[in-house]
Amino acid sequence: MPGSSSFTTHPEIRDELSAVAEGLRQVTVEIRNGSRSHGSGVIWSADGLIVTNAHVVAGGEPTVELWNGRALPGHVLRHDRARDLAAVRVAARGLPAAVAADPQDLKPGALVLAMGHPFGVKGALSLGVLHSGLSRGRGSRGRWVRADVRLAPGNSGGPLADARGRILGLNTLIADGLAYAIPSPAVARFLATDDERAVLGVVVRPVLLRRHDAIGFLVLEVAAGSGASDAGLTTGDVLTAIDGVPFGDLGALGAALDAAQPGDRLQVEFIRGFERLTREIALRSPPARPRAA
């Protein structure tokens, strides 16, 4: 970032940042589907529990590579497609675990670090500043950490951390030049509660619709037998609104589903190619997933 050289010219600061970076590398994993890197994840607990974005594991059961090069098969315990969160388990014990922090405790301008595997570059560190600790969009209960830090494909699911290496959130998206991260408290709530909300039946990734100056959700996968499948949604569609209300921020889709129940029907607007379409979708309960013993 501009002026970042001043951080590295002072030996004590440089050594401290190096130590923080090394700690982040040890709690950051690479998540692959076959030989292709899909993104990053964070070791949330020493018994092999890893958190990442749902779109990172959309291709099925992943391979998880630790900081030391050890590759382990991962099992997706559960995922929340609307909030873009997933929990993955690997058969390992005694792993270095992340320490979470509440981004509300930091002020804009605070130093932040992002760790991940952009374009397959392992353990790449980006340095920047906090733009806003939590942002709330109009009409949405979703809250996001925003930071002026460089991200690229492969950073998704990796940590955004403070200067002490504590995890503020999981990096998810770049919009308007800022990194958006799911706050650590939201990750903790996801892990602590069962997912009984109504679902559309899609795996999505938030995208910035520059031509329309709005947020959309790119459909990466449509579950067979789901409401979305019955309504004819397909991979590549971009969801833009529900019941006539455009998505105001990255949490809008999750907020709309939070307010609904299985069996409700929603009017979903989306873009397919150059067409704007609308379908009525019947929401359903999430499919049961086996849980690890």
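This briefing walks through some salt bridges and one buried glycine in the structure above. Keep in mind that the model is predicted. The salt-bridge count comes to 10, and a few of those pairs get a closer look here. After that comes G116, a glycine in strand β7.

**The network around E30**

- Start with the group: E30, R32, E65 and K122 are joined up in a network of salt bridges.
- Within it, E30 pairs with K122, and their closest N and O atoms sit 2.3 Å apart.
- That pair ties together parts 92 residues apart in sequence, because E30 is in strand β1 (residues 28–33) while K122 is in the loop between β7 (111–116) and β8 (124–136).
- E30 also has a salt bridge with R32, this one at 4.0 Å from N to O.
- Since a salt bridge here means a nitrogen to carboxyl oxygen distance within 4 Å, keep that cut-off in mind when you look at the 4.0 Å given for R32 and E30.
- As for burial, R32 and E30 are both buried.
- E30 comes in at 4% relative accessibility, so it counts as buried.
- K122, at 49% relative accessibility, counts as partly exposed; the cut-off for exposed is over 50%.
- As general background, side chains of opposite charge can pair when their charged atoms come close.

**The D237–R272 pair**

- Another salt bridge joins the side chains of D237 and R272, at 2.8 Å from N to O.
- D237 belongs to the loop between α4 (227–230) and β15 (238–242), and R272 to strand β17 (residues 265–272), so this pair ties together parts 35 residues apart in sequence.
- Which of the accessibility classes does D237 fall into? With 1% relative accessibility, D237 counts as buried.
- Its partner R272 is partly exposed, with a relative accessible area of 27%.

**G116 and its surroundings**

- G116 is found in strand β7, and with a relative accessible area of 0% it is buried.
- What does G116 touch, leaving aside neighbours within four places in sequence? The contacts are T28, S40, V121, K122, G123, A124, G154 and N155.
- One of those contacts, K122, is also the salt-bridge partner of E30, which links this spot to the network described above.
- G116 and G157 are 41 residues apart along the chain, and their C-alpha atoms are separated by 8.1 Å.

Technical notes
Residues are numbered from 1 along each chain as its sequence is written. This is a predicted model: local features need pLDDT of at least 70, side-chain atom pairs count only at pLDDT 80 or more; totals for chains, interfaces and linings use all residues. Side-chain values use heavy atoms; hydrogens and water are left out. Buried means under 20% relative accessible area, exposed over 50%, partly exposed in between (1.4 Å probe, protein chains only). Helices (H or I, at least four residues) and strands (E, at least two) are DSSP runs, numbered from the N terminus. Contact means heavy atoms within 4.5 Å.
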